[in-house]
Amino acid sequence: MSIDDTAHLGVFPDPPSAEADLPWNHPLASGLSRLGRWLKQGDRNHPWILDAGVIAVVVLMFCVPDLVHDDDGRRRAFDTNFTHLPWPGTLALQAGLVLPLLWRRRKPSLAFAVIAAVFFLQLALGVWLRADIALLIALYSLVLHGELRRLPVACAVTAGALGLLTLRLPPEVSVLDALFFLFSTITAAVALGLAVRIRRAQLAVLRDRATRLEIERDQRSKLAAAAERTRVAREMHDIVGHNLSVIITLADGGAYATDRAPERGKQALVLIGDTGRQALGELRRMLGVLREQTQTPAAPELSPQPGITDIDALCARIRAAGPQVLYRTGGELDTLDRGVQLTVYRIVQEALTNALKHAGHDTRVDLAVSVEDTRLHIDVHDTGRAGATVRSGSPHDEGHGLAGMRERAALYNGTVTAGPAPGGGWTVRAALDLTPLPAAGADTGGAA
C-alpha cells in the first residue's frame, strides 16, 4: 500500500522521529559505545592488558621495521646523517623507549622522564629510530594522567628534543617544514590529552551530580514521609484523644447515675454510642485518604474536614459529659480558609479535651474565637476542679497535645500559650496570622 493509498483511507504513516537522525543514535555509534564500555570494564578488571597492548602495537609498527634491514633507496638517503647501530644496540634503545610505557598511567611523570632521557641519549649517539613515537605517547599520557603543573616543562623538553632532531636532518628537508610538522605533533598530543581529560572530568562531575541528586531525592522522600507521619500522628491524637476522653467521662457519669437516675445512665450510653460513631467516621475518613486505592464511581464519598461551624457540636458533646461550656464568637469566621478553620477546630478540640481530662465534669469552660483585622484569637479558660485553685502540672509538663497545637499554629505564623490562670483554673491562648502570602513571582512594584 502506497502513501497515497494510506492518505485516501485516512491513515497516515507516523513521521520519522527527529531523534533517529541524531549521530549517537546510529547503529554504528551504538556498537562503538558498547565496545567502549566493554573495553573500560576490562581495563578496570585487568589494567595491565591495555598497557601491554599499547606496547605490542608500538613494537609491531615502529620497532620491528628498524630491526629489519630493507634496501629502499629513500631510506638510505634519509639515514645518511644518522648512525646505524648493531641490532643489540638498537634493541636496547628501543627497550628504553618502549618499556617505560608500562608505567604511563600509574606514574606518567616517571615514564616521560625515562623516555626523554633515552631519547636524548639516542640523539647524542646520532641514532634515529621509529620507536621515538614513544616520546609523544608519554607526553599524551602525562597530560591525561599526570599533574598539569608539570605540563609546561614536559612540553619544553619535548620541543627541545625534537628541535635537536631537526638539526641532523639532511639538507633536502626544510628545517622550517620539519619544525612545523614536529611541533604540530606535540600540539596534537597535548590537545588530545586535554580533550580526553576534560571529557572524563565532565563525566565524573555528571556522575557525582546524579549521585547527589539521587541522595537528595531520597532525603526529600524521607523528610516528606516523616512530615506525613507527624501529621497523621497529630490527627490521630486529636481524634482518638478527644473522643476517648468524652467516652470515658460519659461512662463514669453513667455508671454513677445508673442507680439514682436510670434515665441519665441511658442518656449517657446513647451519647457514648454517638461519640464512638463520630470517632469511627473520622478515623475512616483519615485512613481513606491515606489508603492507596483506585477511585471508582462506587467509592464512598469522604466527608469534609471539620471547621468552625462544627465547634457548636463539639461544645455540645463536652456539655453532655458534664462541664458547662460558654462559646462566644466575633468577626467574620465563616469566610476563613478551610485550612485555617481546621486548625482552629483542632486547637479548640484539644483545649476542651484537656479541660475535660484535668478539670473534670464540674468545671466551667469559657471559649472565645474572634477575628480582628488579620489576627485570629482563641481563648479557652476553665475554672479547674472544685476545691482546687491551681491545676497540677506546669507548662513544662507538656504532652503531645500542646505540642500539636503549637505545630498547627506555626503553620500560620501563630503562637500558643498555656498555663494556670491567676484566679484558678487553666488558660489556653492561641493567635494566628491571617495575612495572605505574597504571590510567587510578584515584586513590590506589582510587575512580574
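Accessible areas come from the Shrake-Rupley method with a 1.4 Å probe. On this basis, the accessible surface of the chain in this predicted model comes to about 27800 Å², and 62% of that surface belongs to carbon and sulfur atoms. Of the 448 residues of the chain, 33% count as buried. The secondary structure comprises 13 helices together with five strands. Among contacts in the chain between residues at least 6 apart in sequence, those that join residues at least 24 apart make up 70%.

The strands form an open sheet of five, arranged in the order E1-E2-E3-E5-E4, and the pairing within this sheet is mixed. Its edges are formed by strand E1, which spans residues 324-330, and by strand E4, which spans residues 415-420, each of them pairing on one side only. From one strand to the next, the twist averages 10 degrees. At the E1 edge, strand E1 runs parallel to strand E2 (residues 364-372), and the two are joined by seven bridges. Within this part of the sheet, Gly-330 stands opposite Ser-370, a residue of E2.

Two helices can be described in relation to the sheet. Helix H11, formed by residues 311-320, packs on the sheet and touches both E1 and E2, with a direction that makes about 165 degrees with that of E1. Helix H12, formed by residues 338-359, lies across three strands, namely E2, strand E3 (375-382) and strand E5 (426-433), and runs at about 10 degrees to E3.

Attention may also be drawn to the backbone of two loop residues. Asp-373 lies in the loop between E2 and E3, and its phi is near 55 degrees, a positive value in a residue other than glycine. Because its relative accessibility of 77% is over the 50% cut-off, Asp-373 counts as exposed. Asn-413, in turn, is found in the loop that lies between helix H13 (400-410) and the edge strand E4. The phi of Asn-413 is near 50 degrees, which is again a positive value in a residue other than glycine. With a relative accessibility of 58%, which is likewise over 50%, Asn-413 therefore counts as exposed.

Key. Residues numbered from 1 in each chain as written. Predicted model: local features only at pLDDT ≥ 70, side-chain atom pairs only at ≥ 80, totals over all residues. Heavy atoms only, no water. Pairing = 2+ DSSP bridges. Helix = DSSP H or I, 4+ residues; strand = E, 2+ residues; numbered from the N terminus. Axes fitted to C-alpha atoms, helices over the stretch in contact; angles between N-to-C directions. Contact = heavy atoms within 4.5 Å. Buried < 20%, exposed > 50% of the residue type's maximum accessible area, 1.4 Å probe, protein only.
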